[in-house]
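Student: I should like to learn how to read the features of this structure one at a time. May we begin with the open spaces and then turn to the strands and side chains?

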Amino acid sequence: MMTIDPLRWGTALALLAAYGGMCATLLRRPKAAALPAPVEGDWLVVYASQTGNAEYLAQQTAATLSTGGLNARALCISSLDPAVLGSATRALFIASTYGEGDAPDAAARFAGVTMAGDANLAQLHYGVLALGDSSYTNYCGFGRALDAWLAARGATPLFERIEVDRANGAAIANWQHQLSHLAGTSDAPDWEAPAYGQWRILERTQLNPGSAGAPLYRIALAPREGSLPAWEAGDLVQVCAPRDPDLPREYSIASIPSEGKLELLVRLQRHEDGCAGAASGWLCLDATPGDTVALRVRTHARFRLGENATRPLILIGNGTGLAGLRAHLKARIDAGAFDNWLVFGERNAEHDFLCREELQGWLAGGQLARLDLAFSRDADGPRYVQHALAERGEELRAWIARGAAIYVCGSLQGMATGVHEALATVLGSEVLDDLAAAGRYRRDVY
């Protein structure tokens, strides 16, 4: 799994020394709107996050405002009551864009309901930090749409929208500068990212020998010194590859700490010229047990079990997405929760049934209540996880009626879209929206 590194924002601090030139540029911009007199508790820092990037920045933003004596609180956009927004006078929005210009899952209801309304926000002064990746066609699509909607509803921008391309340090420094201005202080809290730990590879096993697809490895790691750090099922790691140290890659963790090692499922990526990917090539081919792997664990709160820990759990995914699902299964089984249903898809049953013995063992032992498989390249024709869900519609509705939560992990293109459509067909779009709003439908897709 790869996403933009949310903790690279700390590198922006190194750019603060260049504020002189940057501030000269800022002086040529339109003057920020004058603020009304502050009132207690009216600074909202609203984040729309998928994998934690925007949430991390929102927490840092709120801390910076608090340093200046302002009462600021960070909250997820899914928890933003329209009445609260309608009465707020100051709000900062930090918005990720997901896929090709889409709102993150947490912002889906806000985008589809609140932004479709005609709220009067003439009292609101706001700022927008839009996170994106310019390699996508609709760069910062949701952040731009949010900014346009706020302005159309009469809100007044405090400063021009700031866009961040793949954690660009200068853009983050610009945001910090604006925060210091709003807070009336230059004594901002440290945004420095935690250092990478030194890890080593314990084991590396190819899980799909003979597959027509790219090789996929189960890689076990441990710190070179000391004990394992704490993490929970659903969390991620960031790996800094020697060939591309400026762009860490993120991978779902496939194990839990009680297993004594941190495991990843990594597919070897190759470019059009045949060269291996910087990170996947390093982990799957080049790194030896004697090499040091620069790695750090990152909390992925939206994909943790949290309040769903005691619910029946439906896990859906494909390919390396099994990593995050496998960690959830292991955590649940260790906790004695056996009402687990896994729907998993890959290419071919003979070569691509990942973790076959383990999953079949859990099924036989009763720790896995259901296991539905979909192999797209077998002789009976293309069959994907969404087809398996459609075939099990009655059972799916029954599990949801019992309070089940749904977790999806794997590829955004194809799988996640197909699964979402299948779930909407079986359950109804309104029910699926309600599940998402209640935190019972969560996705970690890439």
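Student: How many residues line the second largest pocket, and which lie nearest its centre?

Tutor: Please keep in mind throughout that this is a predicted model. A pocket is read through the residues that have an atom within 4 Å of one of its points. Here the second largest pocket has a lining of 41 residues, and those nearest its centre are P104, D105, A106, A108 and A436. The space in this pocket comes to about 920 Å³.

Student: Which helices and strands each supply at least two residues of that lining?

Tutor: They are the helices α4 (108-112), α13 (412-427) and α14 (429-437), together with the strand β17 (441-445). The most is given by α13, with six residues.

Student: Let us turn to a single strand. Is β14 mostly covered or mostly open?

Tutor: A residue is called buried when its relative accessible area is under 20%. In strand β14, residues 340-346, seven of the seven residues are buried, and the strand is mostly covered.

Student: Which residues of β14 point one way, and which the other?

Tutor: One group consists of N340, L342, F344 and E346, while W341, V343 and G345 point the other way. The residues on both sides are buried.

Student: In which sense do β13 and β14 run, parallel or antiparallel, and how many bridges join them?

Tutor: Strand pairing is read from the bridges between two strands, of which at least two are required. Strand β13, residues 313-318, runs parallel to β14, and six bridges join the two. As one example, I316 has V343 of β14 as its bridge partner. The connection is also of interest: β13, helix α8 (residues 322-334) and β14 form a β-α-β unit that is right-handed.

Student: How many bridges does β14 share with β15?

Tutor: Strand β15, residues 370-375, pairs with β14 in the parallel sense over six bridges. Here F344 has L373 in β15 as its bridge partner.

Student: How far apart are L315 and W341 along the chain and in space?

Tutor: The comparison is made between C-alpha atoms. L315 and W341 are 26 residues apart along the chain, yet their C-alpha atoms are separated by 6.0 Å. L315 belongs to strand β13, and its relative accessibility of 0% makes it buried. A second example is I406 in strand β16, residues 405-410. I406 and L313 are 93 residues apart in sequence, with a C-alpha to C-alpha separation of 6.1 Å. I406 is likewise counted as buried, because its relative accessibility is 0%.

Student: Which strands pair with β12 in the antiparallel sense?

Tutor: Strand β7 (residues 197-206) runs antiparallel to β12 (residues 293-298), with three bridges joining them. Within this pairing, G197 has L295 of β12 as its partner. Strand β9, residues 236-240, also pairs with β12 in the antiparallel sense, over five bridges. There, V237 is matched with V297.

Student: How many aromatic pairs are there, and how is one of them described?

Tutor: An aromatic pair is described by how far apart the ring centres are and by the angle of the planes. The count here is five aromatic pairs. In one of them, the ring centres of F159 and W175 are 5.7 Å apart and the planes stand at 80°, so the pair is edge-to-face. Since F159 lies in the loop between β5 (156-157) and β6 (162-165) and W175 in helix α6 (residues 169-183), the pair ties together parts 16 residues apart in sequence. Both F159 and W175 are buried.

Student: Over which ring does the charged end of R296 sit?

Tutor: It sits over the ring of Y196, 3.9 Å from the ring's centre. Similarly, the charged end of R402 sits over the ring of W399, at 4.9 Å from its centre.

Student: Finally, which backbone angle deserves attention at R166?

Tutor: The angle is phi: R166 is not a glycine, yet its phi is positive, at about 50°. R166 is in the loop between β6 and α6, and is partly exposed, with a relative accessible area of 30%. C355, also not a glycine, has a positive phi of about 55°. C355 is located in the loop between α9 (349-352) and α10 (356-364), and counts as buried at 11% relative accessibility.

Terms used. Residues are numbered from 1 along each chain as its sequence is written. This is a predicted model: local features need pLDDT of at least 70, side-chain atom pairs count only at pLDDT 80 or more; totals for chains, interfaces and linings use all residues. Side-chain values use heavy atoms; hydrogens and water are left out. Buried means under 20% relative accessible area, exposed over 50%, partly exposed in between (1.4 Å probe, protein chains only). Helices (H or I, at least four residues) and strands (E, at least two) are DSSP runs, numbered from the N terminus. A crossover is right-handed if, with the strands pointing away from the viewer, the path from the first strand over the helix to the second runs clockwise. Rings of Phe, Tyr and Trp (its six-membered ring) pair if their centres lie within 6.5 Å; planes under 30 degrees apart count as stacked, over 60 as edge-to-face and the rest as tilted. A charge sits over a ring if NZ of Lys or CZ of Arg is within 6 Å of the ring centre and within 35 degrees of the ring normal. On a 1 Å grid over the protein atoms alone, a cavity is a set of points where a 1.4 Å probe fits but cannot get out, and a pocket is an open set with protein on both sides within 12 Å along at least five of seven lines; lining residues have an atom within 4 Å of a point. Grid points are joined across faces, edges and corners, and a volume is the space filled by probe spheres set on the points.
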